[in-house]
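Trainee: I'd like to learn how to read the interfaces in this model. Can we walk through them together?

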Amino acid sequence: MNKELWKGNELIAEAAIRAGCRAYFGYPITPQNEIPEYMSWRMPEAGGVFVQAESEIAAINMVYGASAMGVRAMTSSSSPGISLKQEGISYLVGAELPAVIVNMMRGGPGLGSIQPSQSDYFQATRSPGHGDGHMIVLAPCRLQEAADLMADAFDLADQYRMPVMILADGMIGQMMEAVTWSERPAKPMPPKDWAATGREGPGKTHFITSLRLGASDNELFNNRLQQRYRLIEREEPRHEAVDCEGADILLCAFGTTARIALSAARKLREEGIKAGLFRPITLWPFPEVALRALASQPSVRAVLTVEMSAGQMVQDVRLALVGSRPTPFFGRTGGMIPEAGQIVEQVHLALKEAQA
Amino acid sequence: MRQIVMVPGRGMKDVPTHYCPGCHHGIVHRLIGEVLDELQALDTAVGICPVGCAVYAGNYIDCDFLEAAHGRAPAVATGVKRTHPDKLVFTYQGDGDLASIGAAEIMHAVMRGEKFTTIFINNAIYGMTGGQMAPTTLEGQKSTTSSQGRDKAMHGLPVRMAELLSTMDGMAYAERVCLADMSNYHKARKAIKKAFMLQMQGVGHTFVEVLSTCPTNWGMSPPDASLWVKNTMSQYYPLGVVKEREK
């Protein structure tokens, strides 16, 4: 199969179309502008719908409309724009509508910077918007993986009738890498018999809504959602473990930071320190069982979490390990990127403290 | 002895509505249902209901419905109509929904000439939340957030949405109607039908503003509320065709 050189943002747009996405709604914001730009000509070519919305708020609500009609729909943005979409995402959760949302994170808070960041982890993995909801959150660290995860994202959204977020950063969006398009058979999906594409006879209408005015009805719905979330927590966690068997220390990082952490791990190996990389691919559900298993090896003296934030995923690491290992943290913020050398230093520090 | 005093209108589900006595929502619902039935569009119509008293419109009108976030119905309708141009798509929005929180969404839907129909219920007040001032509340009109009456110096004058939106090329047809008497009722029916028919011809955005009552929050009896629409509201919001352009 041929390798093709792609830029991250354009690749993600093309991968969405190949995954059957036929409606894209977006609003310009750096560093993800190549996604709407690519979609503006490519989507009509693929027989789909492209609308440049008047705002991120409008875009996510257009996604709601298209999704309610059974169409695979997506939007993309970057951190400040994703904040604006929170209302709409909560409504997607409440109306049980599938959708894919791409967040090419940049430094915050507020208008922040346009450089890569991972500081929207809490926003993505806790509860989007208001209410007790969840999105499945997928974090690619290579462009090949980004292409593959786009297809998975649409499948997961349809399978569980919920929004799925691709959580990447400006680095992933702007970099170029070689990619191979895999021809994979379409997975069987549940029928979208809930779509509001016309009533099935007098009195047999579809009503897509997130309103359940009776509190007990709403609790029943919430219970149903939570049951689905428990199923997802069992079935869908994904991670990559590199050199974790028998490691002295585990580096835990996702996305761009995982690439740098891997470089650090290799430098450490050259020094004779057995460093492994644990990379969550699903941020929600967090792969806590796998992390706990690897961290509980007798050889592991600490688990160092590295993020482009002030420390967000590290909370999930600490929840997973409940004090069984030291869990130090190293992060850069505001759009600054951790350097491999800095991570190596942090590992030395962590091992020293673990010994003490 | 059982006596049938009311049968559901054509295109309506056989369920009682939750609306207050004298409220015009039920009448507008019935007109929409009748017109959809007449156009044989009940099987293909998709309505978008607002946040507000009409949030349950989908339980009453016998066609498919989506419930949108507050003010976002025009964006939701854009997603529906663009992906399914063959459907008859309409939004049903109140004045707080359309003219306040959703002002951007309706402006841009009309600007783009989105080929769906807006049914805009203007009752000059927030109904569901208990009678607060709306962008459409008349000067001097009392509400729970303008207890001395709407003050022009503080809040400006109410907005005429049909006229404002008609300045844009994307608006193909806009008419303001009311339901205060039978003659106006028939005009309202005709306007809704025309808006739906023009939509299916793909001419652009079509818009029907219905001056409606809120007896509960206005503190009026149903007959007085209807009279107030006819004699007071329609002075500020003139009835009739605001815009009609050829294809």
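Mentor: Sure. Start with buried area, which is the accessible area, for a 1.4 Å probe, that two parts lose on being put together, summed over both. Keep in mind that this is a predicted model. Here chain A and chain B bury about 2700 Å² between them, with 60% of that on carbon and sulfur atoms.

Trainee: Which three residues supply 25% of the area that chain A buries against chain B?

Mentor: Those are Glu54(A), Arg199(A) and Phe207(A), and no other three residues give more. As for the contact itself, chain A puts in 35 residues and chain B 33.

Trainee: How many salt bridges are there between chain A and chain B?

Mentor: For a salt bridge, look for a side-chain nitrogen of Lys or Arg within 4 Å of a carboxyl oxygen of Asp or Glu. The count between the two chains is four. Try Glu54(A), whose side chain meets that of Arg112(B) at 2.8 Å, N to O. There are also 15 residue pairs in polar contact between chain A and chain B, both partners at pLDDT 80 or more.

Trainee: Which elements of chain A give two or more residues to the side that touches chain B?

Mentor: Strands S2 (23-26), S3 (49-52) and S9 (207-208) do, along with helices H3 (56-68) and H4 (79-94). H3(A) brings the largest share, eight residues. By class, that side of chain A has 21 nonpolar, ten polar and four charged residues.

Trainee: What joins S9(A) to strand S2 of chain B?

Mentor: Two bridges do, and the strands run parallel; S2 of chain B covers residues 64-67. To find the spot, look at Ile208(A), which stands opposite Leu66(B).

Trainee: Now inside chain A. Where do domain 1 and domain 2 lie along the sequence?

Mentor: Domain 1 takes 4-196 plus 223-235, and domain 2 takes 239-355. Read this interface the way you read the other one. Domain 1 and domain 2 of chain A bury about 2400 Å² between them, 56% of it from carbon and sulfur atoms. Gln118(A), Tyr121(A) and Phe122(A) supply 29% of what domain 1 buries there, more than any other three residues.

Trainee: How many salt bridges does the rule find across the interface of domain 1 and domain 2 of chain A?

Mentor: Four. A salt bridge to look up in chain A is Asp316(A) with Arg126(A), 3.0 Å from N to O. Across the domain interface there are also 18 residue pairs in polar contact. The side of domain 1 that touches domain 2 has 19 nonpolar, nine polar and seven charged residues.

Technical notes
Residues numbered from 1 in each chain as written. Chains lettered and ligands numbered in written order. Predicted model: local features only at pLDDT ≥ 70, side-chain atom pairs only at ≥ 80, totals over all residues. Heavy atoms only, no water. Domains from an automatic or database assignment. Polar contact = N/O pair within 3.5 Å; in protein donor to acceptor, adjacent residues only side chain to side chain. Nonpolar A, V, L, I, M, F, W, Y, C, P; charged D, E, K, R; others polar. Contact = heavy atoms within 4.5 Å. Helix = DSSP H or I, 4+ residues; strand = E, 2+ residues; numbered from the N terminus. Pairing = 2+ DSSP bridges.
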